[in-house]
Amino acid sequence: MGYFLNTTDDYHIHTLNSLGWELTVCNALYPEDSPCRLVLRCNESFGTQLFRFLGDKIPFEHLNTVLEIGGGLGYVMKDFLTLAPHLQATMVDISPLLLQKQRETLTEFPVNFREMDFLKMSISDLRSFDLAILNENLGDFPTLVFQQNHPEQNDPDTIRSLSRIADYQKEYALEFTPTENINIGALEVVEKLCGAAIPYIYLSEHSCEASLSNPQSPHLNFTSPGTPERISLQGHAEFTIKFSHLQTIARAFHYKVFRGQYVYILPIDFNEKVKAALRSPTPLTDEQEIIQQFVYDLYKYEYLVLIKDSKKKG
Ligand SMILES: C[S@@+](CC[C@H](N)C(=O)[O-])C[C@H]1O[C@@H](n2cnc3c(N)ncnc32)[C@H](O)[C@@H]1O
């Protein structure tokens, strides 16, 4: 088969020296004077808006422990702990540099930090958490990438990942077209979190199943490719996520699934400035370019909120 395994762990451990190259929606909204805030109905950071959005579904006041995996600069957790200071937080990250940044951002809170690859964390370690958060990072986990005539790979990780395709087909009836890229790492992440029966799970990432069709933004509209697409970034590549596969796995573990585009978490204010930027075929100013990219991201990113049905076992 013409598959090879795309991984980002080496980049995150040895090469990454800034997140600036990879401006997440979370980081873009963090500065109070961020031009991205002009696009939204609420002038608040991402973490604050996410916390309020999740508050409809997650009873934060009854939770004790929260685990954030791949927390970047630590801004989401800072907002969560400001709004719910009773939570005992653990941050797991593969990048020593970003874990250090998280220590600095969260210095006023009693947080537990662990430097490790989440895929190596044991299910028994996960069982103690009430809530798990993975924001804008599922695409960093390994992807099986199809390339016509790619020589057969013999390394143990690729062989193991290829053999897992059959498991996912059999256990969860997932269907893969013969040449599609496969988010093998993201499937494993969801299987692990659900297998540990964590009661509440929130995940988000660029989706290969999202689309935008809005007459107000004729030049931004896009259709869904349906299979994971490559995103080339500084020093590494990531892949968009096939969320329907993650949903299927979560349901098999008896989770209730809520799914949507970021624009539901971060509603847009279609004010004159935003409307002018969205009407323009090419951006006329730096600000219009930022608005166009940000609105595109609000539709391209999807989230899942998974809630364990406590009446059903397994
Ligand atoms: C694109 S950043 C997202 C950061 C942050 N969640 C945000 O929304 O701004 C990806 C994060 O995931 C971490 N990461 C990537 N692969 C990981 C792995 N296998 N285990 C744990 N953390 C990982 C990176 O070090 C980084 O903190």
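The shell around the ligand in this predicted model is a mixed bunch: eight nonpolar residues, ten polar ones and six charged. Around that site sits a chain with twelve helices and eleven strands. Its radius of gyration is 19 Å, close to the 20 Å the globule rule gives for 314 residues, so the chain is as compact as a globular protein of that length.

**Around the ligand**
- Of the 24 residues around the ligand, the ones that come nearest are Thr 24, Gly 70, Gly 72, Ser 95 and Asn 137.
- At least two residues of the shell come from each of helix H1 (9–15), helix H2 (25–28) and strand E3 (88–93).

**The chain overall**
- Taken along the principal axes, the C-alpha atoms fit a box of roughly 55 × 50 × 40 Å.
- Buried residues account for 38% of the 314 in the chain.
- Take the contacts between residues at least 6 apart in sequence: 75% of them link residues at least 24 apart.

**Strand E11 and its partners**
- Strand E11 covers residues 301–308 and is mostly tucked away, with six of its eight residues buried.
- Strand E7 (residues 200–206) runs antiparallel to E11, and seven bridges hold the pairing.
- Strand E10 (residues 255–261) is also antiparallel to E11, again with seven bridges.
- Leu 304 in E11 is a handy landmark for both pairings: Leu 203 stands opposite it, and so does Arg 259.

**Helix H12**
- Helix H12 takes in residues 286–300, 15 in total, and spans 21 Å from first C-alpha to last, close to the 21 Å expected at 1.5 Å a residue.
- Its buried residues are Ile 291, Gln 292, Phe 294, Val 295, Asp 297, Leu 298, Tyr 299 and Lys 300.
- Asp 297 and Lys 300 are on that buried list, and both belong to the charged class.
- The cover over the buried residues of H12 includes helices H2, H10 and H11 (272–279), along with strands E7, E10 and E11.

**Val 263, in helix H10**
- Val 263 belongs to helix H10, which runs over residues 262–265.
- Val 263 has 18 C-beta neighbours inside 10 Å, so it counts as partly exposed; the buried class would need 20 or more.
- Setting aside neighbours within four places in sequence, Val 263 touches Ile 268, Leu 298 and Tyr 299. Leu 298 and Tyr 299 are among the buried residues of H12.
- Val 263 and Leu 40 are 223 residues apart along the chain, yet their C-alpha atoms are separated by 9.2 Å.

**Two positive phi angles**
- As background, most residues other than glycine have a negative phi.
- Glu 136 goes the other way, with a positive phi of about 55°. You'll find Glu 136 in the loop between strands E5 (131–134) and E6 (143–146).
- Glu 136 counts as buried because it has 23 C-beta neighbours inside 10 Å.
- Ala 197 also has a positive phi, near 60°, without being a glycine. Ala 197 lies in the loop that links helix H8 (184–195) to E7.
- Ala 197 has 16 other C-beta atoms within 10 Å, so it is partly exposed.

Definitions and conventions:
Residues are numbered from 1 along each chain as its sequence is written. This is a predicted model: local features need pLDDT of at least 70, side-chain atom pairs count only at pLDDT 80 or more; totals for chains, interfaces and linings use all residues. A residue is near a molecule or strand if its C-beta atom, placed from the backbone, lies within 6 Å of it. Helices (H or I, at least four residues) and strands (E, at least two) are DSSP runs, numbered from the N terminus. A residue is buried if 20 or more other C-beta atoms lie within 10 Å of its own, exposed if 12 or fewer, and partly exposed in between; C-beta atoms are placed from the backbone. Two strands pair if DSSP finds at least two bridges between them. Two residues are in contact if their C-beta atoms, placed from the backbone, lie within 7 Å. The radius of gyration is taken over C-alpha atoms; the globule rule is 2.2 Å times the number of residues to the power 0.38. The expected span of a helix is 1.5 Å times one less than its number of residues.
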